[in-house]
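Please prepare a short report on the structure below. Cover the overall form of the chain first, and then a few individual residues.

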Amino acid sequence: MKKVLSVLLAALLLCGSMTAGTSALAAESKSTAITVSVYDGGFTLEPTEIAVSADLSDTYASQVGCNDAGDEPTILDAFLAVSKKLYGDDFMTKSPLVITESYGWKMITAAFGKDYPALGYYRNGAMASGVEEALTAGDVLEIDFYQNADYSDKYTYFNTRSATVASGDTITLTVTQNYYDSSYNNIIEPAAGLTVTVDGKEAATTDKNGKAKVKVSGVGTHLIAATAANDTIFAPWCVVNVSELTTYVRQEARAAAKYLTRDITAITCDDAVDYLMYLKSGYSVSKFKKGFVASVKENLKANGGKLISSYTGAEDIGLYGAVISALRLLGYNPQSFGGYDIVKAFEAVDLTKAVSNPYYYRVAIEAAGEDFGKKLCDDMVSRYYTMGKGLNYWGYSCDGTAYFLAAIAPFKSSYKAEVADAKKVIKSYTKSNGAFCDNTYVTTVNPDSTALAMMAYSALGDAKTAFKYYRWLVQGFEGRCGVFKYDGAYNAYATKDALIALEYFKKAANDSSLVHTKHVAKTTVTKAKPGKNGSIVKTCAVCGKRISRTVIYRPKKSIKIAKKTYRYTGKAITPKVTLYDSKGNVIPKKYYTVKYTKNTKVGTAKITVTFQGRYTGKLTRTFKIVKK
């Protein structure tokens with residue numbers, strides 16, 4: 001009986017008849033884009049997007065040996081499309097695809113250079129029902145050749161088929177294997193001990209839970225796969241796109257953290273909110289670890305297992321949340337740290353006394369479990385949020401409402417009305433070039449409000465809207481990579497708000513696979529001066545491509561006035577000044593100031609022109625004042 005089952009299983013595998021999942025609806029068009037891979041102990045075809053046309057099976061029906069029944073693209077059409085891609089239009093000569101119908105089954109008896117191939121084909125992770133199964137846009141088709149004669153190869157797969165990261169990011173992947181044991185029981189379990197590769201190079205090994213941490217560098221597309229040393233598997237794969245956009249965002253975050261920590265010598269428990277921000281940036285702040293950890297232990301010991309802020313003299317949800325998250329990033333367990341359970345103490349705080357700043361709900365909710373996180377959200381909404389106005393802390397503002405949205409985002413489905421209202425509030429603080437604070441304090445767009453609005457939309461997962469604020473932030477306020485200006489000068493507060501927001505934006509951009517399709521223009525002005533042209537150059541902050549360049553023609557070295565000699569009047573004489581550039585164009589008055597000296601008495605008077613704006617330098621000339 002076991003032998004009969006084995007033969008039957010082999011036949012089913014050959015024709016791809018083991019069905020898992022629901023058949024897709026017919027495609028709406030006769031051409032569909034899908035991702036296909038072919039694996040035969042190695043990739044004959046790495047995961048590639050191809051267009052599958054429904055008429056391929058009609059064209060090659062007589063040569064292949066069968067046709068599909070419908071007008072929709074099918075797996076048969078996909079096999080033909082892959083054959084054409086690998087071997088060209090005359091693939092039937094070089095590597096014929098042959099299908100034989102037997103007992104009602106359409107069985108593939110030749111494919112990709114092999115006769116009577118033992119292969120399986122999986123659509124979206126499930127064994128397909130046959131070559132006539134219809135395909136829909138975005139499907140993933142894996143064609144795998146069995147290496148073992150008894151068809152015992154294990155089907156393995158990552159927890160995701162694709163990911164978008166910044167260069168240098170580490171992603172955690174989980175590998176699962178699905179196979180039948182000797183008694184034909186279906187086994188699904190973590191795939192431990194696999195060698196994970198990036199572009200063919202060994203990068204990690206899966207642990208007992210099938211997990212592996214993989215670092216990916218270099219802008220572009222990378223293939224992550226896995227192999228087993230003592231087992232035969234169908235290789236799992238994941239295509240990782242290293243984003244140009246988020247790679248630059250990561251550089252900005254690291255540069256911002258470097259700028260903000262340049263004069264810091266120590267970080268204590270009280271600085272946990274900022275320390276958490278630096279840890280997330282990716283910039284190395286390891287020199288502060290020992291002092292921070294010791295300070296947290298000291299605080300806990302002095303206060304019987306509670307965290308007390310030295311600023312307020314009381315417990316604070318922001319301090320708790322930041323310490324818990326920071327310790328987790330540092331590899332510590334906050335539920336057993338220094339002999340104390342910080343998480344338990346956190347969840348026991350009296351919220352009527354433990355909120356010193358509603359902006360800190362954000363880090364508290366991030367660190368909290370689901371139940372306590374929801375409790376914190378309810379508390380924040382009831383105490384600080386007013387429909388139609390936003391979050392009230394030192395008055396209503398764009399900034400406060402943005403912090404509110406970032407805090408509530410993990411539970412946004414429970415607060416749909418408040419989320420919709422807060423988005424309207426932020427929109428009311430948005431102009432065509434960024435966001436401003438409010439009508440009382442700051443009525444012009446500024447880096448802080450623009451960055452925090454970006455943070456809010458990023459937290460909600462709206463990367464497209466967040467990208468608009470990101471472009472405004474970079475174009476209007478970034479002085480150098482990661483360091484932002486307020487009123488034209490480098491500013492730590494602006495840079496700190498930007499750093500907080502950049503981490504949210506990076507995650508949203510990666511999660512949504514946001515593509516850098518619009519340049520993020522940064523303008524660099526090289527001022528013109530007498531004797532030398534200047535320029536206005538716009539380049540993309542992300543890719544460095546020059547968008548435009550405008551020449552600022554140098555000023556002529558002469559100052560034109562009506563005449564050289566003026567009659568003494570007893571009053572200051574101020575001849576009208578005209579300046580020209582090297583092309584003969586009049587230079588507008590907004591680009592220079594004029595100063596007159598010794599221009600009242602008889603003698604030689606002097607005119608001094610000082611350039612400003614897009615020009616720099618000075619020019620002088622004299623004129624005579626003579627007696628009547």
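The report below goes from the whole chain to three single residues.

**Overall form**

The model is predicted. Its chain contains 17 helices and 32 strands. For 628 residues the globule rule gives 25 Å, and the radius of gyration of the chain is 34 Å, well over that value, so the chain is more spread out than a compact globule. The C-alpha trace spans about 130 × 70 × 45 Å along its principal axes.

Buried residues make up 48% of the 628 in the chain. Among contacts with a separation of 6 or more, 59% come from residues 24 or more positions apart.

**Surface and charge**

The exposed area of the chain is about 30300 Å², and 49% of it is supplied by carbon and sulfur atoms. Positive side chains number 80 and negative ones 57. The centres of these two sets are 24 Å apart.

**A buried acid without a salt bridge**

Asp448 is part of helix α15, which covers residues 447-459. Asp448 is buried, yet has no salt bridge. Which side chain of opposite charge is nearest to Asp448? That side chain is Lys496, at 9.8 Å. A salt bridge requires a side-chain nitrogen of Lys or Arg within 4 Å of a carboxyl oxygen of Asp or Glu, so a pair at 9.8 Å does not qualify.

Leaving aside residues up to four places away in sequence, Asp448 touches Asp399, Tyr486, Tyr493, Ala494 and Asp497. Asp399 and Asp497, two of these contacts, are aspartates.

**Two residues with positive phi**

Phe112 and Trp394 are set out in the table, each with a positive phi in a residue other than glycine.

| Residue | Phi | Loop | Relative accessible area |
|---|---|---|---|
| Phe112 | near 50 degrees | between β4 (105-111) and β5 (114-115) | 9% |
| Trp394 | near 55 degrees | between β20 (390-391) and α13 (398-408) | 70% |

Is Phe112 buried or exposed? With a relative accessible area of 9%, Phe112 falls under the 20% limit and therefore counts as buried. Trp394 has a relative accessible area of 70%, which is over the 50% limit, so Trp394 counts as exposed.

Both are loop residues: Phe112 is placed between β4 and β5, whereas Trp394 is placed between β20 and α13.

Terms used:
Residues are numbered from 1 along each chain as its sequence is written. Side-chain values use heavy atoms; hydrogens and water are left out. Helices (H or I, at least four residues) and strands (E, at least two) are DSSP runs, numbered from the N terminus. Buried means under 20% relative accessible area, exposed over 50%, partly exposed in between (1.4 Å probe, protein chains only). Lys and Arg count as positive and Asp and Glu as negative; His and the chain ends are not counted. Contact means heavy atoms within 4.5 Å. The radius of gyration is taken over C-alpha atoms; the globule rule is 2.2 Å times the number of residues to the power 0.38. Accessible areas come from the Shrake-Rupley method with a 1.4 Å probe; for residues, only the protein chains shown count as cover. The place of a charge is taken as NZ of Lys, CZ of Arg, CG of Asp or CD of Glu.
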